[in-house]
Amino acid sequence: MNAPLAATLLRGSLSGNRWRSLLAVACIALGVALAGAVNTLHASALDEIDRAARLLAGAADYQVKGPRNGFTDEAFAAVAMHPAVAVASPVVELEAPVPGKAEALRVMGIDPFRAARLQPGFIADGAAARGGETPALLDVNAAWLTPVAMARLGVKPGDGFALGGPAGEVVLKVAGALPALDEGGPLAVMDIAAVQYLFGRVGTIHRIDLRLRDDAPREAALRGIAAALPPGVAIVKPDEAAMRTAGLTQAYRVNLTALALMALFTGGFLVFSTLALQAARRRQEFALLRALGLTAGGLRAFLALEGALLGAGGAAAGTALGLAASRAMLERFGYDLGAGFFSGTGNTFAPDAASLAAIGLLGVATAAAAALAVTRPLARLDVAQALKDRHLDLPSPPGGWALPLALAAGALAAAFVPPAGEIPVGGYLSIGLALAAAVMAVGPASRLLLDRVPASDAPLRTLARAQVKSLPGHLSAMVSGIVVSVALTAAMAIMVHSFRVSLDGWLSGVLEADLFARAAPQGDAVVFSPEAQARMAAVPGVDRIDPIRFERLTPEGATGLLTIIARPVDARLLRGFQADPPAPPPRGSGPPAAWVSEASVDLFGWRAGQEIVLPLAGRRAAFRVAGVFRDYSRTWGAVLVDLADYRALTGDPLANDIAIHLARDAEAKTVEAALGRVVAQVPGAELHDASYIHARALAIFDRTFAATYALEAVAILIALAGVTSSFAALAWSRRREFGVLRHLGLTRREVTRLLALEGAAAGIIGAVLGLASGFAVSVVLVHVVNRQSFHWGMAIHMPWLGVAVLLAAVIALCALGASLAGRAAVAREAVEAVKDDA
Amino acid sequence: MLQARGLAKRWPGGVPLFEAVDLDLAPGELVAILGESGAGKSTLLNIVAGLDRAEAGTVTVSGTTITSLGEDELARWRRRRVGFVFQAFHLLPYLSVEENVALPLLLNGVAAVERRGRAAAALAAVGMAAHAQRKPASLSGGEMQRVAVARAVVHRPALVLADEPTGNLDEANAAATMQALRDAVKREGAAGLLVTHSAVAAAAADRVLRLAGRRLGPA
Ligand SMILES: Nc1ncnc2c1ncn2[C@@H]1O[C@H](COP(=O)(O)OP(=O)(O)O)[C@@H](O)[C@H]1O
Ligand SMILES: [Mg+2]
């Protein structure tokens, strides 16, 4: 195979079915685009977090970190006095809501003299210049802003601005700019004591940045410092910040990537059927080339090149599309399409060239592999026969049940393979095998199904039945295409529907109160104080309030984050959270009860009856696991504990959210209005009724899965376009047969109807096999892939109406596509068709 | 130039098609094999072309015993040493007439300028120079077959094989095609082997043999 020859033969490919090639390219492009967009969104988010973390950590080589709500600043003294520590810089960090805007500003409280030794950028231009004057540092309201923060707030040095705090708005003054920290994003830096005082965090810090002495023995120093830290506080490397965030979003990323891979797989299949049909159509051409001396290997190389070129076109288009889409999504919805994983407000666009190249290459490889699969039957091509006879077809697929059954058994076995890390490799393997089994079952299944159709004397039916049953290569490639696209579409539809119905039911249970108040929809600086809670409880018409407090920490003896949900727990709440068992245990003398989420079971291996230790408020607190509950709002672990137990252990009286139950006879609107006035006293806090939160959660769900809806639509469109073009090719190759039939007395209309019958039969076989394998794939998606990557248990819910419409549409459109193709094929004169030679 | 010795063929499960077939062709000689439909003419031709395998016997072309070559070696041998004319023409519809003729040169890696020159010369020799830039679909059957003859000799093969080249043509076009084939074989000094059931076509050959009753003998 030399280059000019390849170029000449490619003209033949292009003069063939352009639309079909375009569809194959589009499908590869779609898979590459989706995978590329997910990857780019994630890479951008991590890049921003990582860059900010590195910049702010400066020369620090370690960081002491604790629970999200902070830890006692007594730990600072212990760390700072350790002989191996060169510099220890305490940090208070929170995100404060910007009044009137749906965003939060990151506020860092530092000890400037210590912080500047690690990151000189903390010392502002202005402060340095003023030198001898009254240092504005001592002004409690002074804040230094990065230029990007000033731009966002619309302020300049000397201006005042307000942020939400737990006791009302905090008014600050812009003391200067921190241009050196601009890469760190929008940021306000203040004196640590001022932040503690103004934001109600006295005695609490969130982090200590550390630089160890170069001459100190590292291992011993780390052990010594760790020993001085309270439970729940640990010493880590600065770059672990981005890693931890990456862990939180992994499940989300894995799932979308899986969908992208499915699109790629469909694309690969389309390349396969495109090239298979091309090869069938060009069978005589290929036979001629073989006769003229092209080797079988040369022909194979040409077809692989053709596939790779289709793949390269798709990969290039897909990469461009993915970059454009991720950029647009980044601007509109943030790094995670609004799913709430990243609180960052930046908009770094940082595509990762290496991953994008890998994804693109995967697209090319998929297409080339599909092309190579086509050359297998071509290798069996009998050159002399192909040159002589004019029955243009690929060899029929194997007819036995052994291979599909073996593949199905493999799919079943693979479903039980444990995940590697958090990636459900067994699940993916199982899906691949299930699809392969369905494709391999096309031959035997069509024979089985058609044996059920009674033979008849109606000539058209007899002819159609014989044609479909003999399942020529054309028809089987086409039916396989229908099987794969129906399977993927049905699987995704069933999976997303099951997910949505499960989430919907769960939300109804979880949102059992009438109203919910949230202190800090943006950031975490604002909480409901005991006074605010009391004011809400005192509103006339309020029956009771359930304060909810969140904490995030790493459980003892584990890595990875865990959310603590503390709220009054009763049987009704447990039923709402679908807990098992659904009732609290009787209060005994042992440790208090805790309910662990399904993710905690998967990630920490916790079981009912087990005792777990959580480092709460710097103390080791033991809990007894009373049961498992369902938590669709996190993919990481969560523990539900009773608020009374939590408060007794921590002495923390604050609340992040409040669930409000109205009195039976209360006038809902009036009470809501009164509560709204109380909540409004807390800056940034929101009050919503349960149905609003319910609807908003479903809207976010729909947005997250919008990509899959689009994918489903495209898969079906592609399958149907594929059917029509397959039938066109099929009808073209059979025009001589049709000519004969018309000589024998069939009308054009009857020939068209013959093809419509064949199309419907092919559609039925494809739809039935596709639905069966799609159901199997959805079971794997729900019970294996989602369980292992999201850690959420859910039940299968069939979208019956959608599935019925899908099947009816596929069958009807197959018949329509076939008859349209037939009409074109019989448009020529019968005589001409019979003696046609090309 | 071509020597076949003791060729025998039987399809799996069938009766023998032919046995002990010997065949000798000299350079520049055009030999026709006549026979009823189903006699095995095409099968014999395919064995000589290395597209089919004999059960017994050898075929040697210009000193190369092709019956002992592997699949890929056969393909490369055909590429350099064999030209074909088919009943159904087999011109590629997306290439121009000239490009179709140049196809064997393309397969042999001949440079573009030389390809054009040699294809044009071969077309001129069959009287088709004026149609070089047309697409095959716009030609008549006779014109297509003359283009195919040009393609069969453009790379100066040792062997030119033709299977029912006049099967799809009327008498006048059949005669023109046979003339072109004969001229081409003589001009290139190739050995030409023609199989046909048409005595008229066979009449253009230097020598006529008959395949009947499993034997190849004089007509
Ligand atoms: N691939 C094959 N397998 C089995 N039988 C074949 C095959 N090709 C040809 N035949 C049989 O061999 C016989 C001779 O065929 P062929 O060489 O094409 O005859 P001719 O060209 O003389 O008409 C026929 O009876 C035909 O049915
Ligand atoms: Mg024949």
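**Exercise 1. Which of the 12 residues around ligand 1 come nearest?**

Solution. This is a predicted model, in which local features need pLDDT of at least 70, side-chain atom pairs count only at pLDDT 80 or more, and totals for chains, interfaces and linings use all residues. Residues are numbered from 1 along each chain as its sequence is written, chains are lettered from A and ligands numbered from 1 in the order in which they are written, and side-chain values use heavy atoms, with hydrogens and water left out.

Step 1. Take as near any residue with a heavy atom within 4 Å of the ligand. The nearest are Trp11(B), Gly38(B), Lys41(B), Ser42(B) and Thr43(B).

Step 2. Assign the shell to chains. Residues from chains A and B surround ligand 1, so the site is shared between chains.

Step 3. Sort the shell by class (Ala, Val, Leu, Ile, Met, Phe, Trp, Tyr, Cys and Pro nonpolar; Asp, Glu, Lys and Arg charged; the others, Gly among them, polar). The shell holds 3 nonpolar, 6 polar and 3 charged residues.

**Exercise 2. Find polar contacts of ligand 1, then its buried share and the elements around it.**

Solution. Step 1. Look for pairs of N or O atoms within 3.5 Å (within protein, one must be able to donate a hydrogen and the other to accept it, and residues adjacent in sequence count only if both atoms are side-chain atoms). A ligand oxygen lies 2.5 Å from a side-chain N or O atom of Thr43(B). For polar backbone atoms, the distance from a ligand oxygen is 2.7 Å at Gly38(B) and 3.2 Å at Ala39(B).

Step 2. Alone, ligand 1 exposes 570 Å², and the protein buries 65% of that (Shrake-Rupley method, 1.4 Å probe; for residues, only the protein chains shown count as cover).

Step 3. Helices (H or I, at least four residues) and strands (E, at least two) are DSSP runs, numbered from the N terminus. Helix H13 (383-388) of chain A and helix H1 (41-48) of chain B each give two or more residues to the shell. H1(B) has the largest share, 3 residues.

**Exercise 3. Describe the interface of chain B and chain A.**

Solution. Step 1. With contact set at heavy atoms within 4.5 Å, 23 residues of chain B touch 25 of chain A.

Step 2. The buried area (accessible area, 1.4 Å probe, that two parts lose on being put together, summed over both) is about 2,300 Å², with 62% from carbon and sulfur atoms.

Step 3. There are 2 salt bridges (a side-chain nitrogen of Lys or Arg within 4 Å of a carboxyl oxygen of Asp or Glu). One of them joins Arg11(A) to Glu99(B), with the closest N and O atoms 2.8 Å apart.
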